[in-house]
Amino acid sequence: MPDAAGERLVATNRRARHEYHIEETFEAGLVLTGTEVQSLRLGKVNLKDSYARIKNGEAWLHQVHISPYPFAHHDNHDPLRVRKLLLHRREIDKLYGKVNEQGHTLVPLRIYFKGGRAKVTLALVKGK
């Protein structure tokens, strides 16, 4: 059900709020295949034990399970593949510095659709 801002929530990571101190959040786009988008629209995603990493100047989302789309007979996606995140260069540089120097971690808090595009809210967190 869309709210006033035109967002449709797909999944949340409730465990993250209990296990970490959330210091800052960022909105990132997701690079997905067609079958992944269809599975997200059906709500077939699990954020348990997922995290993000900065590698070679790009942000990547790891361990997010998006179930295979049931109506795709071939060319279905790998449920646990690593997915690219779309962030501004200055945000990537800032996150890279904090994660490497201060012992922070990047954890996805929620996945949602905003204006027809899949987005993820990333949190810069520190363990409790």
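The charged end of Arg-110 sits over the ring of Tyr-112, at 4.1 Å from its centre. That is one of two such arrangements worth a look in this predicted model: Arg-41 lies over the face of Phe-113, 4.4 Å from the centre of that ring.

Ring-on-ring contacts come next. A pair of aromatic rings is described by how far apart the centres are and by the angle of the planes. The structure holds one aromatic pair, made by Tyr-69 and Phe-71, with 5.5 Å from centre to centre and 75° between the planes. The pair counts as edge-to-face because its angle is over 60 degrees. The two partners sit in opposite settings: Tyr-69 is buried, at 19% relative accessibility, whereas Phe-71 is exposed, at 59%. Tyr-69 gets the buried label because its value falls under 20%.

On to the strands. Strand 2, spanning residues 20–30, runs antiparallel to strand 9, residues 117–127, and nine bridges link them. One of the bridge partnerships joins Tyr-20 to Gly-127 of strand 9. Strand 2 also pairs in the antiparallel sense with strand 7, residues 83–86, this time over two bridges. Here Leu-30 stands opposite Leu-85 of strand 7.

Strand 9 also holds Thr-121, a buried residue with a relative accessible area of 11%. Beyond its neighbours within four places in sequence, Thr-121 is in contact with Thr-25 and Phe-26, and also with Val-107, Pro-108, Leu-109, Arg-110 and Tyr-112. Arg-110 and Tyr-112, the charge-over-ring partners described at the start, are thus both among the contacts of Thr-121.

What about the packing inside? In soluble globular proteins, nonpolar side chains tend to be buried together. The largest nonpolar core here has 26 residues, and those with the most contacts inside it are Leu-30, Leu-40, Val-45, Leu-85, Leu-87 and Ile-111. Elements that each supply at least two residues of this core include strand 1 (7–12), strand 2, helix 3 (89–102) and strand 8 (105–114). Strand 9 gives the most, with four residues. A second, separate core has five residues, among them Ala-16, Leu-109, Ala-123 and Val-125.

Leu-30 ties several of these threads together. Besides facing Leu-85 across the strand pairing, Leu-30 is in contact with Leu-61, Lys-84, Leu-85, Ile-111, Ala-118, Lys-119 and Val-120, leaving aside neighbours within four places in sequence. Two of these contacts, Leu-85 and Ile-111, are listed with Leu-30 among the residues that have the most contacts inside the largest core.

Terms used: Residues are numbered from 1 along each chain as its sequence is written. This is a predicted model: local features need pLDDT of at least 70, side-chain atom pairs count only at pLDDT 80 or more; totals for chains, interfaces and linings use all residues. Side-chain values use heavy atoms; hydrogens and water are left out. Rings of Phe, Tyr and Trp (its six-membered ring) pair if their centres lie within 6.5 Å; planes under 30 degrees apart count as stacked, over 60 as edge-to-face and the rest as tilted. Buried means under 20% relative accessible area, exposed over 50%, partly exposed in between (1.4 Å probe, protein chains only). A charge sits over a ring if NZ of Lys or CZ of Arg is within 6 Å of the ring centre and within 35 degrees of the ring normal. Two strands pair if DSSP finds at least two bridges between them. Contact means heavy atoms within 4.5 Å. A nonpolar core is a set of buried Ala, Val, Leu, Ile, Met, Phe, Trp, Tyr and Cys residues joined through side-chain atoms within 4.5 Å.
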